[in-house]
Amino acid sequence: MESSIPLSTKPERRWRSKPLQISKPSLFLAFFSCFAWLYVAGRLWQDAENRTLLSNLLQRNVAQVPKLLTVEDKLVVLGCKDLERRIVEAEMELTLAKSQGYIKSRLSQNESSSGKKFLAVIGIYTGFGSHLKRKVFRGSWMPRGDALKKLEERGVVIRFVIGRSANRGDSLDRNINGENRSTKDFLILEGHEEAQEELPKKVKSFFSTAVQTWDAEFYVKADNNINLDLEGLIELLEHRRSQASAYIGCMKSGEVVTEEGSPWYEPEWWKFGDEKSYFRHAAGSLLILSKNLARYIDINSASLKTYAHDDTSVGSWMMGLQATYIDDNRLCCSSIKQDKVCSQA
């Protein structure tokens, strides 16, 4: 009887699915990871938008940003500055040259347009109410008619100096025009208004107009309350012909009047220091400037400060220049000297 041999077989393993169990910490960690991913993704998206916005703004404003200067650009800038400095220096030298008379004269269409040079131009101040005084002068020391022309042939021009009426073209102006047509001995300052309080401006206008009209060695300003010895004055000027930058007159100084309403009151008295004394200047009755000083007044007339009196105004202009002060007592009209060239009228 065959015995059955039992076969030893490995027991079959059967897998059984068990229910999935997830712990709470794992669930919380997964949720937190998802939230963190969303947060980072959002920030990256926002940063990308910001970068795009900033890039657009930079591209839009790049044209407004100043360019960096290259070495060549800096050299150009430095060259322009150097050129500007040279121009300024040239202008200063030109002004100096003009003030010293080294310019072509701007002459009117009159006697001097032919290029004639004169020894002196003498301007006698006058006013609208001084008709009788002018007649007296013409009948005494002042030449007229042919004698006036002969004097000019000798190199001396003499004219009555007057401005225009405040009411242009009125009877005052017409009377002067008519008198001038007859006598031909006026220098009419078209740009000046004739008035007593405008005398400091009148002296500036006179020198400026005279230097533009006649080419002379000297320009003489005289008041209408003096008589002149023309021959003596011409001799004095001939002696000084070679004197450059000459400021000639009866030099004086004096107290500055500070009380308003007083004769010779100076409204800007406070500018003359604690001593209240005027600087050295030529008396206004008769003063003489050489050509280059008169040209200086012409060139700078717009910026020259005037004071209450014409003689102190001229003196203030000369103080800033290398003028040669010549104190000649023959020009002191009120003195008792016998050889003086002027006297009180």
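This report describes the nonpolar cores and the salt bridges of a predicted model.

**Nonpolar cores**

In soluble globular proteins, nonpolar side chains tend to be buried together. In this model the largest nonpolar core has 35 residues. The members that touch the most other members are Ile122, Ile124, Ile158, Leu228, Leu237, Leu286 and Ile288. Helix α7, residues 230–239, supplies five residues, the largest share of this core.

Isoleucine 122 illustrates the packing. Leaving aside residues up to four places away in sequence, isoleucine 122 touches Val156, Val157, Ile158 and Arg159, and also Val220, Leu228, Leu230 and Leu233. Two of these contacts, Ile158 and Leu228, are themselves named with Ile122 among the core members that touch the most others.

Another core, of 29 residues, lies apart from the largest one. Its members include Ala216, Leu289, Ile297 and Val314.

**Salt bridges**

The model contains 17 salt bridges. Three of them are listed below, with the distance between nitrogen and oxygen.

| Acidic residue | Basic residue | N to O distance |
|---|---|---|
| Glutamate 179 | Arginine 138 | 2.9 Å |
| Glutamate 190 | Arginine 164 | 3.0 Å |
| Glutamate 238 | Arginine 241 | 3.3 Å |

The pair of glutamate 179 and arginine 138 links distant parts of the chain, with the two residues 41 residues apart. Glutamate 179 belongs to helix α5 (residues 171–183), and arginine 138 to helix α3 (residues 131–138). Glutamate 179 has a relative accessible area of 11% and is therefore buried, given that buried means under 20%. Arginine 138 is also buried, at 9% relative accessibility. Both residues take part in a network of salt bridges that also includes Arg134 and Asp185.

The salt bridge between glutamate 190 and arginine 164 joins two strands. Because glutamate 190 lies in strand β3 (residues 186–193) and arginine 164 in strand β2 (residues 156–164), the pair ties together parts that are 26 residues apart in sequence. Here the two partners are not alike in exposure: glutamate 190 is partly exposed, at 44% relative accessibility, whereas arginine 164 is buried, with a relative accessible area of 9%.

In the third listed pair, glutamate 238 and arginine 241 form a salt bridge. Glutamate 238 is partly exposed, at 39% relative accessibility, and arginine 241 is likewise partly exposed, with a relative accessible area of 37%.

Technical notes: Residues numbered from 1 in each chain as written. Predicted model: local features only at pLDDT ≥ 70, side-chain atom pairs only at ≥ 80, totals over all residues. Heavy atoms only, no water. Core = buried A, V, L, I, M, F, W, Y, C linked by side-chain atoms within 4.5 Å. Buried < 20%, exposed > 50% of the residue type's maximum accessible area, 1.4 Å probe, protein only. Helix = DSSP H or I, 4+ residues; strand = E, 2+ residues; numbered from the N terminus. Contact = heavy atoms within 4.5 Å. Salt bridge = Lys/Arg side-chain N within 4 Å of Asp/Glu carboxyl O.
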